[in-house]
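User: Please take a close look at one helix pairing in this model, and at the side chains that bear on it. How is the packing arranged, and what else is there in the way of charged pairs?

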Amino acid sequence: MNTEDVRNIVVLTGAGVSAESGLATFRGPDGLWEGHRVEDVCTPHAFRRDPALVHSFYDARRAKLGTVAPNTAHEALARLDAEWPGGLLLVTQNVDDLHERAGSRRLLHMHGELTRGWCLGCGQRFGWAGPMGEDASCPSCGKAGRVRPDIVWFGEMPYGMEKIDEALQRCDLFVSIGTSGAVYPAAGFVQTARYCGASTLEINLEPSLGSTMFNETRIGRAGELVPEWVDEVLQSAHSSPISR
């Protein structure tokens with residue numbers, strides 16, 4: 001891929017990136033997510049019906065974060081963040097903190113974060129470590145039992161959509177890494193980027209549902225292919241007028 005004329009990049013990452021660190025992908029071939037139906041743990045209705053189940057599910061996933069580390073794909077994207085002289089927005093569908101721990105800063109969590117809570121009493125969002133549970137108290141208003149994981153569930157609007165759309169409209173290159181191409185609105189990002197004239201690249205273990213929309217698809221492990229791609233991009237930038 002020729003990146004000599006690229007100034008602005010948007011990167012989308014999905015569950016396939018974190019899977020190489022040992023975190024379960026969003027939904028398995030049996031339709032379950034870590035043994036649960038998505039409808040039972042990932043909707044506002046599920047939270048109203050059985051908050052204990054939803055909290056236990058996310059408490060377990062939050063605890064799992066302490067047992068895993070960023071992989072070479074996360075580290076390569078953090079290097080791109082640090083060294084790319086043009087515009088960059090890393091959009092992740094993942095709710096873990098592996099991109100941050102690798103060092104990425106120009107980052108947007110469109111589906112929320114496991115390490116944050118949201119008080120339904122006062123509306124405040126805040127960092128959260130450890131178990132949350134039904135009786136968690138809001139550090140802002142002090143109310144107990146009104147705190148939920150700051151996760152975007154089915155039926156809720158993803159975060160940062162205006163910023164993402166603006167970045168897609170002005171980007172020269174859109175790259176999708178480790179995504180299924182099945183979950184909207186993220187699955188439609190490639191169409192927006194192409195309509196606005198950007199080149200598009202997919203890096204995945206297998207072609208996604210939207211693979212035909214990309215100019216180029218590279219099949220393989222993100223931990224191997226992403227560092228190679230980042231090397232290409234940064235080498236091009238170092239020899240380009242953008243870096244001078």
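Analyst: Helix α5 passes helix α9 in a left-handed crossing (the near helix is turned anticlockwise from the far one by less than a right angle; helices are DSSP runs of H or I with at least four residues, numbered from the N terminus). This is a predicted model, in which local features need pLDDT of at least 70 and side-chain atom pairs count only at pLDDT 80 or more, while totals for chains, interfaces and linings use all residues. Residues are numbered from 1 along each chain as its sequence is written, and side-chain values use heavy atoms, with hydrogens and water left out.

The axes of α5 (residues 72–83) and α9 (residues 222–238) lie 8 Å apart, at an angle of about 15° (axes are lines fitted to C-alpha atoms over the stretch in contact, and angles run from 0 to 180 degrees between N-to-C directions). The two helices are therefore roughly parallel (an angle under 35 degrees).

On the α5 side, the contact (heavy atoms within 4.5 Å) is made by Thr72, Ala73, Ala76, Leu77, Arg79, Leu80 and Glu83. On the α9 side, Ala222, Gly223, Val226, Pro227, Trp229, Val230, Asp231, Val233, Leu234 and His238 take part. These residues divide into 11 nonpolar, three polar and three charged (Asp, Glu, Lys and Arg count as charged; Ala, Val, Leu, Ile, Met, Phe, Trp, Tyr, Cys and Pro as nonpolar; the others, Gly among them, as polar).

Leu77 of α5 is also touched by His99, which is found in helix α6 (residues 98–102). Not counting residues up to four places away in sequence, His99 touches further residues, including Thr13, His74, Leu90 and Leu107. At 1% relative accessibility, His99 counts as buried (under 20% relative accessible area, with over 50% exposed and partly exposed in between; 1.4 Å probe, protein chains only).

As for charged pairs, the whole structure holds 12 salt bridges (a side-chain nitrogen of Lys or Arg within 4 Å of a carboxyl oxygen of Asp or Glu). Glu20, Arg221 and Glu224 are linked in a network of them. Arg218 pairs with Glu216, the closest N and O atoms being 2.8 Å apart; Arg218 is buried at 15%, whereas Glu216 is partly exposed at 24%. Between Arg101 and Asp97 the closest N and O atoms are 3.1 Å apart. Here Arg101 is partly exposed at 39% and Asp97 is buried at 16%. Arg49 bridges to Asp40 at 3.2 Å, and Arg49 is partly exposed, with a relative accessible area of 45%.

How values were computed. Angles under 35 degrees count as roughly parallel, over 145 as roughly antiparallel, 65 to 115 as roughly perpendicular and the rest as oblique.
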